[in-house]
Amino acid sequence: MSTFAPGTFSPHPQRVGVAAMARAQGAIESKLMLRHGEQQLLSIIIPLAILIGAAKLKDTTGHGVDEVFPMVLAVAATSSGFTGQAISLAFDRRYGALKRTGASGVPAWAIVVGKILGVLSMVVLQVLVLGTVAAILGLRVSAGGAAIGVLTLALGVATFTALGLLLGGTFSSEVVLAVANLIWFLLLGAVGWAMFSQGLGDNGVLTLVPTVAMAAGLDTALNGSFPGIELLVLVGWAAVASFAAVRWFRFEG
């Protein structure tokens with residue numbers, strides 16, 4: 001039996017490493033999210049309009065930028081992590097794009113990681129845009145508050161991304177399109193009601209609503225305190241949604 005020295009035959013195809021695969025899939029998902037007009041509307045334009053409108057109506061509502069900014073970040077994270085992710089995933093399943101991606105040799109974990117990286121890229125853009133505008137409007141945050149805020153934001157994004165993967169990975173695209181937008185309005189309404197009726201301090205049972213937990217947690221964090229209860233609520237939602245998404249996720253829809 002004859003053997004050949006390495007390099008005799010060229011090219012020599014082989015599977016890329018885990019990090020390279022995750023980066024490539026993340027870059028694709030990031031470009032898709034950033035190019036999508038509806039994503040920009042839900043994730044950037046609407047939260048930006050809420051932020052500017054609230055600042056202009058401070059004398060009427062009694063709530064300034066420092067109080068409204070945490071709510072706006074929660075709305076933005078809900079839009080990009082939950083609504084946008086659920087709808088795009090559901091239609092990827094409907095048209096077979098997800099199945100074809102898997103058939104090309106990309107493992108399931110890389111697809112999920114890629115979508116998470118896509119959401120994170122959108123969140124970075126949101127923080128840059130919304131944070132810059134909020135700073136121009138007068139928001140000031142200490143270094144310690146910003147650090148705790150980043151932790152809270154990361155947990156909130158993880159929660160809403162897991163919920164988006166659960167919804168988009170289990171139901172048909174028609175159902176997801178209707179339900180995702182309905183849930184988005186309900187979550188927005190809950191955090192808005194909590195904000196403008198009593199502030200984001202002691203929210204009682206409303207803290208169990210993920211948008212309220214995230215907004216209240218960000219409000220506490222940006223004021224330099226540690227939002228223990230709110231973080232526990234977000235961790236609980238993220239754990240349950242992640243388990244359910246892995247259990248019932250389907251690549252075809």
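For the charge analysis, Lys and Arg are counted as positive and Asp and Glu as negative, while His and the chain ends are left out. On this basis the protein chain carries 14 positive and 11 negative charges, and the mean positions of the two sets lie 15 Å apart. The model under analysis is predicted.

The secondary structure of the protein chain consists of ten helices and zero strands, giving the pattern α-α-α-α-α-α-α-α-α-α along the sequence. Along the principal axes, the C-alpha atoms occupy a box of roughly 85 × 40 × 35 Å. The accessible surface amounts to about 12,800 Å², and carbon and sulfur atoms contribute 70% of this area. Of the 253 residues in the chain, 44% are buried. Among contacts with a separation of 6 or more, 82% are between residues 24 or more positions apart.

The largest nonpolar core comprises 52 residues, of which Phe69, Phe160, Val176 and Met214 touch the most other members. At least two residues of this core are supplied by each of α2 (37–56), α4 (65–94), α6 (108–136), α7 (143–168), α8 (173–198), α9 (210–222) and α10 (228–248). Helix α4 provides the largest share, with 14 residues. A second core, separate from the one above, has eight residues, including Leu89, Leu98, Ile111 and Ala245. In soluble globular proteins, nonpolar side chains tend to be buried together.

Two of the residues that touch the most other members of the largest core, Phe160 and Val176, were examined individually. Phe160 is located in helix α7. The relative accessible area of Phe160 is 0%, so this residue is classed as buried, the cut-off being under 20%. When residues up to four places away in sequence are not counted, Phe160 touches Ala77, Thr78, Gly81, Phe82, Leu187, Pro210, Thr211 and Met214. Met214, one of these partners, is itself listed with Phe160 among the residues touching the most other core members. The C-alpha atom of Phe160 is separated by 8.5 Å from that of Thr83, although the two residues are 77 residues apart along the chain.

For Val176, with residues up to four places away in sequence again not counted, the residues touched are Ala86, Ile87, Ala90, Leu167, Gly168, Phe171 and Asn181. Ala86, Ile87 and Ala90, among the partners of Val176, fall within the range 65–94 of α4. Ala77, Thr78, Gly81 and Phe82, among the partners of Phe160, fall within that range of α4 as well.

Conventions:
Residues are numbered from 1 along each chain as its sequence is written. This is a predicted model: local features need pLDDT of at least 70, side-chain atom pairs count only at pLDDT 80 or more; totals for chains, interfaces and linings use all residues. Side-chain values use heavy atoms; hydrogens and water are left out. Helices (H or I, at least four residues) and strands (E, at least two) are DSSP runs, numbered from the N terminus. Buried means under 20% relative accessible area, exposed over 50%, partly exposed in between (1.4 Å probe, protein chains only). Contact means heavy atoms within 4.5 Å. Accessible areas come from the Shrake-Rupley method with a 1.4 Å probe; for residues, only the protein chains shown count as cover. The place of a charge is taken as NZ of Lys, CZ of Arg, CG of Asp or CD of Glu. A nonpolar core is a set of buried Ala, Val, Leu, Ile, Met, Phe, Trp, Tyr and Cys residues joined through side-chain atoms within 4.5 Å.
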